[in-house]
Amino acid sequence: MADAKPAATDGSTSAPAPAPAPAPAAAAAAAAAAAESKPQVAEIRRSWGDEVDDEPEEQSSAPASTSADKAGAELDVDSLTIDEGKKINKFLDEPEDSNIKAVTSGDTPYTSASTFEDLNLSPELLKGLYVDMKFQKPSKIQAISLPMILTPPYKDLIAQAHNGSGKTTCFVLGMLSRVDSNLKAPQALCICPTRELAIQNMEVLQKMGKYTGIVAEAAVPMDSTNYLPITKRPPVTAQIVIGTPGTIKKWMSLRKLGASYIKILVFDEADHMLAEDGFQDDSLRIMKDIERVNASCQVLLFSATFNDKVKNFVTRIVKDYNQLFVKKEELSLESVKQYKVHCPDEISKVTVIRDRIFEFGENLGQTIIFVRTRQSAKNLHETLVNFGYEVTTIQGALRQEDRDKIVKEFKDGLTQVLISTDLLARGFDQQQVNLVINYDLPVKHDNPSEPDYEVYLHRIGRAGRFGRKGAVFNLLCRERDMAIMAKIENHFASKVAVVTPWNSEEEFKKALQAAGLL
């Protein structure tokens, strides 16, 4: 990896009218003329001991619109969009089929979609899918879930599926399909645990809905330079709003974000959004505000993980719902090889990163190193920089504009190594990431000797997106690390291979070869 070398210095209650079913190329061509005159549009959970959403309360509530005529004081999502031309990945293997099971309620028949035309999408949406998203056909989860989302009577959906399986496309396409572009009022709302994930989902929507004329707006904490008091802005007229729960709740409480026409409500990373130690209170408040004025709103809950406590709670708050899930053992992400390395002391962890993983991983794509605390991130950053390596670090204490810049540079491939707290553990989609290093194992904050299994799964899900090859190295130092790793292996019923001895050049080479990266 270039930067890891010593440095030289996603109003009506009916679905859109069915579209014809041309072949992909014909659909794109036919849609081009019809969509040419349409305007273009756009595309963080309180993290584990890191980020506090929407703080300070007043300064972080300025709007961020993707509408072309919005100016200066709002979030420029376009400036954060990924430059696809800069991406390089040698490991573009097609993902293997997952064992996905659907459980439906009622008598509504659902037919799996083998093509996007099967979904009766508008020509404008088909053009976005084929031309800009460069999709060829629905992934397995999309083929099963999209008919459930788009078929009347629009039942709620609880969907649990792989990281990198295409969940974002499911709910973004669902929102775009159900919105009436002629009604200038919020009709779809997507709530995300972090600012970064909200912006990433907005980027996907921006590409997919480019030719539809649908306007989207980001409701996320703003940096001070773009600050505009919410009380001074006009009411939201964008048809789709994607944002974080604190900002959305505030906009709704101040009557700037109306709920009268909202027909679809999405929770991304729903397990955390509805967990007691997550954003449960804010999420429930938003749901109740919408239900008061629109009882028929469809609720979509997407996540890679749902623990039993959250699952029981979810089934109480959603009514007549369909379910989609993968078997638990498949959630261990078989496309990603996991390893553990027993390091004698803290400095040995740095040695492993520097002399083994960086050395062999130079041409293997990008690397994310996860740490537990902001201080650990700072210390590791300084250590690696002092050794002459170029790395970037992201954590919740940074200014919003600095976080945006760091994420954009990493997604554009301008930086190769990113140190992160669990701010980016969930939902962060970067297909060039082939290596994940758990410098610190994830633990529950109220019980440091107990692993946070969901966070571990989300972390390793940053590598091997969409079934691509990847490797995860867990660096263990103390006896407590060994005990935590043993619990993780037991929980997922998966034995993690040991790289031993910890400083063996040959063993690290064999590990990367087994992962298909060398």
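How far apart do the end C-alpha atoms of residues 114-143 lie, and what percentage of the span is helix and what percentage strand?

**Exercise 1: An annotated span**

Task: Answer the question above, and find what the UniProt entry says about residues 114-143.

Solution: Bear in mind that you're looking at a predicted model.
- Step 1: Go to the two ends of the span; their C-alpha atoms are 6 Å apart.
- Step 2: Check the secondary structure, which comes to 47% helix and 0% strand.
- Step 3: Turn to the record. An unreviewed UniProt entry labels residues 114-143 "domain: DEAD-box RNA helicase Q".

**Exercise 2: The whole chain**

Task: Describe the protein chain by its helices and strands, its buried share and its exposed area.

Solution:
- Step 1: Count the elements, and you get 15 helices and 18 strands.
- Step 2: Look at burial: 59% of the 518 residues count as buried.
- Step 3: Now the surface. The chain exposes about 20,500 Å², and 50% of that is supplied by carbon and sulfur atoms.
- Step 4: Look inside. The largest nonpolar core has 47 residues, and Leu-121, Ile-149, Met-175, Met-208, Ile-240 and Ile-242 have the most contacts within it. There is also a second, separate core of 35 residues, with Ala-275, Val-310, Phe-313 and Ile-317 among them.

**Exercise 3: Checking helix H10**

Task: Work out what span helix H10 (residues 346-360) should have, and compare it with the model.

Solution:
- Step 1: H10 has 15 residues. The expected span is 1.5 Å times one less than the number of residues, so H10 should span 21 Å.
- Step 2: In the model, the end C-alpha atoms of H10 are 21 Å apart, which agrees.
- Step 3: Don't stop there, though: H10 has a kink of about 30° centred on Ile-353.
- Step 4: Ile-353 is also one of the buried residues of H10, a list that includes Lys-349, Arg-354 and Arg-356 as well as Val-350 and Phe-358.

**Exercise 4: Buried or exposed?**

Task: Decide whether Ser-420, Arg-462, Tyr-154 and Arg-255 are buried or exposed.

Solution: You need two cut-offs here: buried is under 20% relative accessible area, and exposed is over 50%.
- Step 1: Ser-420 has 0% relative accessibility, so it counts as buried. This residue sits in strand E13 (residues 417-420). Leaving out residues up to four places away in sequence, Ser-420 touches Ile-368, Ile-369, Phe-370, Val-371 and Ile-394.
- Step 2: Arg-462 comes out at 1%, so Arg-462 is buried. You'll find Arg-462 in the loop between helix H13 (453-460) and strand E17 (470-476). From Arg-462 to Val-472 is ten residues in sequence and 9.5 Å in space, C-alpha to C-alpha.
- Step 3: Tyr-154 has 9%, so Tyr-154 is buried.
- Step 4: Arg-255 has 69%, so Arg-255 is exposed.

**Exercise 5: Backbone oddities**

Task: Find which peptide bonds to Pro-153 and Pro-501 are cis or trans, then look up phi for Tyr-154 and Arg-255.

Solution:
- Step 1: Start in the loop between helix H3 (140-150) and strand E3 (156-160), where Pro-153 lies. The bond from Pro-152 to Pro-153 is cis, with omega near 15°.
- Step 2: Stay in that loop between H3 and E3 for Tyr-154. Its phi is near 55°, a positive value in a residue other than glycine.
- Step 3: Move to the loop between strand E18 (497-498) and helix H15 (505-514), home of Pro-501. The bond from Thr-500 to Pro-501 is cis, with omega near -5°.
- Step 4: Finish with Arg-255, in the loop between helix H6 (245-253) and strand E7 (264-268). Arg-255 isn't a glycine, yet its phi is positive, about 65°.

Technical notes:
Residues are numbered from 1 along each chain as its sequence is written. This is a predicted model: local features need pLDDT of at least 70, side-chain atom pairs count only at pLDDT 80 or more; totals for chains, interfaces and linings use all residues. Side-chain values use heavy atoms; hydrogens and water are left out. Helices (H or I, at least four residues) and strands (E, at least two) are DSSP runs, numbered from the N terminus. Buried means under 20% relative accessible area, exposed over 50%, partly exposed in between (1.4 Å probe, protein chains only). Accessible areas come from the Shrake-Rupley method with a 1.4 Å probe; for residues, only the protein chains shown count as cover. Contact means heavy atoms within 4.5 Å. A nonpolar core is a set of buried Ala, Val, Leu, Ile, Met, Phe, Trp, Tyr and Cys residues joined through side-chain atoms within 4.5 Å. The bend at a residue is the angle between axes fitted to the seven residues ending there and the seven starting there. UniProt positions are given in the numbering used here, feature names are shortened, and annotations may be inferred rather than shown by experiment.
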